[in-house]
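Let's walk through this fold helix by helix, starting with how a pair of helices packs and working outwards from there. Keep the viewer open as you read.

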Amino acid sequence: MSIAAATTRPGQVLADLLPASRAKDAVLVLGGAALTGIAAQIAVPVPGSPVPVTGQTFAALLVGTALGARRGFLSLALYALVGMAGMPWFAQAKSGAALPTLGYILGMLLAATVVGALARRGADRSMLRTAGTMVLGSAIIYAVGVPYLAAATGMSLTQAVAAGLTPFLIGDALKAALAMGALPTAWKLLDR
């Protein structure tokens, strides 16, 4: 089956266009975890916040969208577990289970699963649907990360929103715009 013929089948994500095998799935899961870990090292501290701006959330949402819910979940679960076990690949080369930002990582795991499920339904095929998918994924990350930040640091929820959500909205809009261009374009190129 050619890649062009495979793209017209509903229920596929980009990773499904590769020949099916357990080895391929394992490589994709490992690659998704590694991509997220590498993207987390693109980190810019935010004054007054324990949460840096990173490429990590963008990578997590792309991994979920490109790999689908199951492989996206496994990639982010591997990323989280290995980082909590001591691999310094969380933002700013940190690791461990006691980080105040661990809630964002757990939120990324959930978000990758949800955006992966939506991608199976074609949510990554047009700019508008991709934008909605990325906004929903980001909202899931914040829905877990911000309350966890408040609990872990003793901040009020209002303080946690000010430190762990508000400074990141413009960057998230830029990440969504990148995804809006990249994912539908990838499908169009593959359809040719």
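The crossing of α3 and α4 is right-handed. In this predicted model, the axes of α3 (residues 56–67) and α4 (residues 69–84) come within 6 Å and cross at roughly 145°. On the α3 side, the contact is made by Gln56, Ala60, Val63, Gly64 and Leu67, while α4 brings Ala69, Arg71, Gly72, Ser75, Leu76 and Tyr79. Sort those residues by class and you get six nonpolar, four polar and one charged.

Now follow α4 on its own for a moment. With 16 residues at 1.5 Å a residue, α4 should span 22 Å, and its end C-alpha atoms are indeed 22 Å apart. Its buried residues are Arg71, Gly72, Ser75, Leu76, Ala77, Tyr79, Ala80 and Gly83. An α-helix has 3.6 residues a turn, so residues three or four places apart point the same way. The cover over the buried residues of α4 includes α2, α3 and α5. After α4 comes glycine 86, with a positive phi near 130°.

Stay in the loop between α4 and α5, where glutamine 92 lies. Glutamine 92 is not a glycine, yet its phi is positive, about 60°. Alanine 93 is found in the loop between α4 and α5 as well, and this non-glycine residue also has a positive phi, of about 55°. How accessible are these two? Glutamine 92 counts as partly exposed because its relative accessibility is 33%, and alanine 93 counts as partly exposed at 44%.

Back to α3, which has another helix to deal with. The axes of α3 and α5 come within 7 Å and cross at roughly 35°, and this crossing is right-handed. From α3, the residues involved are Gln56, Thr57, Ala60, Leu61, Gly64, Thr65 and Leu67; they meet Ile105, Met108, Ala111, Ala112, Val115, Gly116, Ala119 and Arg120 in α5. By class, that contact has nine nonpolar, five polar and one charged residues.

Threonine 57 deserves a closer look. It sits in helix α3. Is threonine 57 buried or exposed? Its relative accessible area is 14%, under the 20% cut-off, so threonine 57 is buried. Setting aside neighbours within four places in sequence, threonine 57 is in contact with Met108, Ile141, Asp172 and Lys175.

Next, try α2 (22–40). This helix has 19 residues and reaches 27 Å from its first C-alpha to its last, close to the 27 Å expected at 1.5 Å a residue. Which residues of α2 are buried? They are Lys24, Asp25, Leu28, Val29, Gly32, Ala33, Thr36, Gly37, Ala39 and Ala40. These pack against β1 (43–44), β2 (53–54), α3 and α4.

With the helices in place, turn to the core. In soluble globular proteins, nonpolar side chains tend to be buried together. Here the largest nonpolar core has 43 residues, and Leu76, Tyr79, Phe90 and Tyr104 touch the most other members. Helices α2, α3, α4, α5 (102–120), α6 (127–153) and α8 (169–191) each supply at least two residues of this core. Which helix gives the most? That would be α5, with nine residues.

Tyrosine 104 is a good place to zoom in. Not counting residues up to four places away in sequence, tyrosine 104 touches Val51, Ile141, Tyr142, Gly145, Val146, Leu149 and Gly164.

One last stop: phenylalanine 168, in the loop between α7 (157–164) and α8. Why does phenylalanine 168 count as buried? Its relative accessibility is 7%, and buried means under 20%. Beyond neighbours within four places in sequence, phenylalanine 168 is in contact with Val46, Ser49, Val51, Pro52, Val53, Tyr142 and Ala163. Try the C-alpha to C-alpha distance to threonine 54, too: phenylalanine 168 and threonine 54 are 114 residues apart in sequence but 9.6 Å apart in space.

Note on methods. Residues are numbered from 1 along each chain as its sequence is written. This is a predicted model: local features need pLDDT of at least 70, side-chain atom pairs count only at pLDDT 80 or more; totals for chains, interfaces and linings use all residues. Side-chain values use heavy atoms; hydrogens and water are left out. Axes are lines fitted to C-alpha atoms, for helices over the stretch in contact, and angles run from 0 to 180 degrees between N-to-C directions. Helices (H or I, at least four residues) and strands (E, at least two) are DSSP runs, numbered from the N terminus. A crossing is left-handed if the near helix is turned anticlockwise from the far one by less than a right angle, and right-handed if clockwise. Contact means heavy atoms within 4.5 Å. Ala, Val, Leu, Ile, Met, Phe, Trp, Tyr, Cys and Pro count as nonpolar, Asp, Glu, Lys and Arg as charged, and the others, Gly among them, as polar. A nonpolar core is a set of buried Ala, Val, Leu, Ile, Met, Phe, Trp, Tyr and Cys residues joined through side-chain atoms within 4.5 Å. Buried means under 20% relative accessible area, exposed over 50%, partly exposed in between (1.4 Å probe, protein chains only). The expected span of a helix is 1.5 Å times one less than its number of residues.
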